[in-house]
Amino acid sequence: MLTHVWGLIAHPNREWKQIKEERETLTHLYEHHVLLLAAIPVVCSYIGTTQVGWSLGGGTTIQLGYLDALGAGVVFYLVILAAVYAVGKIIRYMAKRYTRPPSQSQCIVFAGYVATPMFLSGIVAVYPLIWLCLLAGVIGLCYTAYLLYLGIPSFLNISKEEGFIVSSTTLAFGVLILEALLGMTVLLWGYGERIILSIIG
């Protein structure tokens, strides 16, 4: 798992070829990659929101209690896992038009590896400043887009021109999913306690 993470950051072209040759199963991907890496933003957000608190500027800080943060973390974690699956389904849908489309399982495996930079960018949530998290998110998204554009042509056995179209469409839907995820993150981690109290009250 750590080999692929480093490989995708340091030499992505070579790593994509190796990942394709391995023909990894969906179960193996989740057990050895997604479940572990998806925990990075969740654990870091838990630490940040309970120990430091979300800084919104102007001296306003929102800090969650341990139980509230735990509940938000569990939901956040499940949403991340579902997002990887959803992007994989999008790639599968786009791939159906080609002669030898990969299976749904292979598309989800690909999506799991593409999301690696986004998982790693969650480290900054240990010190949850809004601008810092947004900056890390943008950097993670840009590198994710780069991995997508590099990997799609060889993954689908198509030309770079066709790969550009598939990658752009996948990225557009992925950004929509990411925006929804960020919105939920702000609600869960920043205002989770208030929402819970308003529902109970």
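User: How are helices and strands assigned here, before I get to the loop that holds Tyr127?

Analyst: Helices (H or I, at least four residues) and strands (E, at least two) are DSSP runs, numbered from the N terminus. This is a predicted model, where local features need pLDDT of at least 70, side-chain atom pairs count only at pLDDT 80 or more, and totals for chains, interfaces and linings use all residues. Residues are numbered from 1 along each chain as its sequence is written, and side-chain values use heavy atoms, with hydrogens and water left out. In this case you get nine helices and two strands, in the order α-α-α-α-β-β-α-α-α-α-α. Tyr127 sits in the loop between helix H7 (116-121) and helix H8 (130-156).

User: Is Tyr127 buried, partly exposed or exposed?

Analyst: Buried means under 20% relative accessible area, exposed over 50%, and partly exposed in between (1.4 Å probe, protein chains only). Tyr127 has 48%, so it's partly exposed. Across the 201 residues of the protein, 43% count as buried.

User: And helix H6 (104-114), how much of that is buried?

Analyst: Eight of its eleven residues are buried, so H6 is largely enclosed by the rest of the structure. Among them are Cys107, Phe110 and Tyr113. Gln106, also in H6, is partly exposed at 29%.

User: What should I look at around Arg23?

Analyst: Start with the backbone: Arg23 has a positive phi of about 50° although it is not a glycine. Arg23 lies in the loop between helix H2 (12-22) and helix H3 (26-37), and with a relative accessible area of 63% it counts as exposed. Then check who sits across from it: Gln106 and Arg23 are 83 residues apart in sequence, yet 7.6 Å apart in space, C-alpha to C-alpha.

User: Which residues are closest to the centre of the second largest pocket?

Analyst: On a 1 Å grid over the protein atoms alone, a pocket is an open set of points with protein on both sides within 12 Å along at least five of seven lines, and lining residues have an atom within 4 Å of a point. Grid points are joined across faces, edges and corners, and a volume is the space filled by probe spheres set on the points. The second largest pocket has a volume of about 280 Å³. Of its 15 lining residues, Lys20, Arg23, Pro102, Gln106 and Phe155 are the closest to its centre. H2, H6 and H8 each supply at least two residues of that lining.

How values were computed. On a 1 Å grid over the protein atoms alone, a cavity is a set of points where a 1.4 Å probe fits but cannot get out, and a pocket is an open set with protein on both sides within 12 Å along at least five of seven lines; lining residues have an atom within 4 Å of a point.
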